Amino acid sequence: MSVNVMGIPADYDAERDFATSGTVVCGDCGTRVKPRTLESLPPHGCADIQASKRATAYAIAVMNLLHAEFPDLLVGNGFILDQHGYVSCRIMEHARRPDPTLEVTLDHPLVANWRLLAEPRQPGRVRVGCFRVHLSPQEAEREGRVNAALAAIAEGLE
Ligand SMILES: [Zn+2]
């Protein structure tokens with residue numbers, strides 16, 4: 001069963017659901033509500049729920065990419081990228097309330113070569129930057145590849 005970013009199944013039939021259960025899943029945010037008719041749904045914080053789900057979906061997609069692209073961030077002494085959810089929380093906050101000054105260190109804080117930054121052309125989205133003075137060809141290639149993938153994620157969630 002395929003569901004969209006709001007958690008709504010592709011084959012969801014609102015009329016049948018309403019007829020059998022007396023409730024319906026909001027087609028905009030995926031929340032189950034109990035309307036009097038299908039013409040209008042009761043207030044349920046729809047815009048806020050949508051923004052929250054979009055921010056969560058964006059953060060998950062970005063984190064999946066970062067984990068795939070930066071396996072070497074798993075460095076000694078138990079430091080694991082985002083083991084406390086800090087990075088994903090910052091991405092979600094940024095998606096909800098864009099912060100042009102966003103800067104999150106992705107590798108070990110004592111190294112801090114790789115950072116997550118606000119994407120200036122798309123408020124609420126992120127890019128990565130390598131802060132080494134002289135980037136190796138591999139680092140330059142990785143920076144370009146990851147930012148292209150981040151742009152594709154942002155576009156896919158428009
Ligand atoms: Zn809704």
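Ala61, Val62, Leu65 and Glu69 in helix 2 meet Arg142, Val146, Ala149, Leu150 and Ile153 in helix 4, where two residues are in contact if their C-beta atoms, placed from the backbone, lie within 7 Å. By class, that patch has 7 nonpolar, no polar and 2 charged residues; Ala, Val, Leu, Ile, Met, Phe, Trp, Tyr, Cys and Pro count as nonpolar, Asp, Glu, Lys and Arg as charged, and the others, Gly among them, as polar. Keep in mind that this is a predicted model, so local features need pLDDT of at least 70 and side-chain atom pairs count only at pLDDT 80 or more, while totals for chains, interfaces and linings use all residues. Residues are numbered from 1 along each chain as its sequence is written.

**Helix 2 against helix 4**

- Helix 2 covers residues 46–69 and helix 4 covers residues 137–156; helices (H or I, at least four residues) and strands (E, at least two) are DSSP runs, numbered from the N terminus.
- Their axes come within 10 Å and cross at roughly 160°, with axes being lines fitted to C-alpha atoms, for helices over the stretch in contact, and angles running from 0 to 180 degrees between N-to-C directions.
- Helix 2 and helix 4 are therefore roughly antiparallel (under 35 degrees is roughly parallel, over 145 roughly antiparallel, 65 to 115 roughly perpendicular, and the rest oblique).
- The crossing of this pair is right-handed, meaning that the near helix is turned clockwise from the far one by less than a right angle; anticlockwise would be left-handed.

**Helix 2 against helix 3**

- Helix 3 (residues 86–96) packs on helix 2 at an angle of about 135°, and the axes are 8 Å apart.
- That angle makes helix 2 and helix 3 oblique to each other, and their crossing is right-handed.
- On the helix 2 side, the residues are Ala51, Arg54, Ala55, Thr56, Tyr58, Ala59, Val62 and Met63, and they meet Val87, Ser88, Ile91, Met92, Ala95 and Arg96 in helix 3.
- Sorted by class, this contact has 10 nonpolar, 2 polar and 2 charged residues.

**Helix 1 and Phe18**

- Helix 1 is hardly covered, with a buried count of 0 among its 8 residues; buried takes 20 or more other C-beta atoms within 10 Å of a residue's own, exposed 12 or fewer, and partly exposed falls in between, with C-beta atoms placed from the backbone.
- Phe18 sits in helix 1 (residues 14–21) and is partly exposed because 16 other C-beta atoms lie within 10 Å.
- Leaving out neighbours within four places in sequence, Phe18 is in contact with Val24 and Leu38.
- From Phe18 to Ile60, 42 residues apart along the chain, the C-alpha separation is 32 Å.
- Gly22, just after helix 1, takes a positive phi of about 75°.

**Gly30 in its loop**

- Gly30 lies in the loop between strand 1 (24–25) and strand 2 (32–33).
- It counts as partly exposed, with 19 C-beta neighbours inside 10 Å.
- Not counting residues up to four places away in sequence, Gly30 touches Met6, Gly7, Ile8, Val25 and Lys53.
- C-alpha to C-alpha, Gly30 and Cys46 are 8.8 Å apart, with their positions 16 residues apart in sequence numbering.

**Domains**

- The domain assignment gives domain 1 (1–44) and domain 2 (46–156), with bounds that come from an automatic or database domain assignment.
- Their C-alpha centres lie 33 Å apart, and 8 residues of domain 1 are in contact with 6 residues of domain 2.
- The side of domain 1 that touches domain 2 has 4 nonpolar, 3 polar and 1 charged residues.
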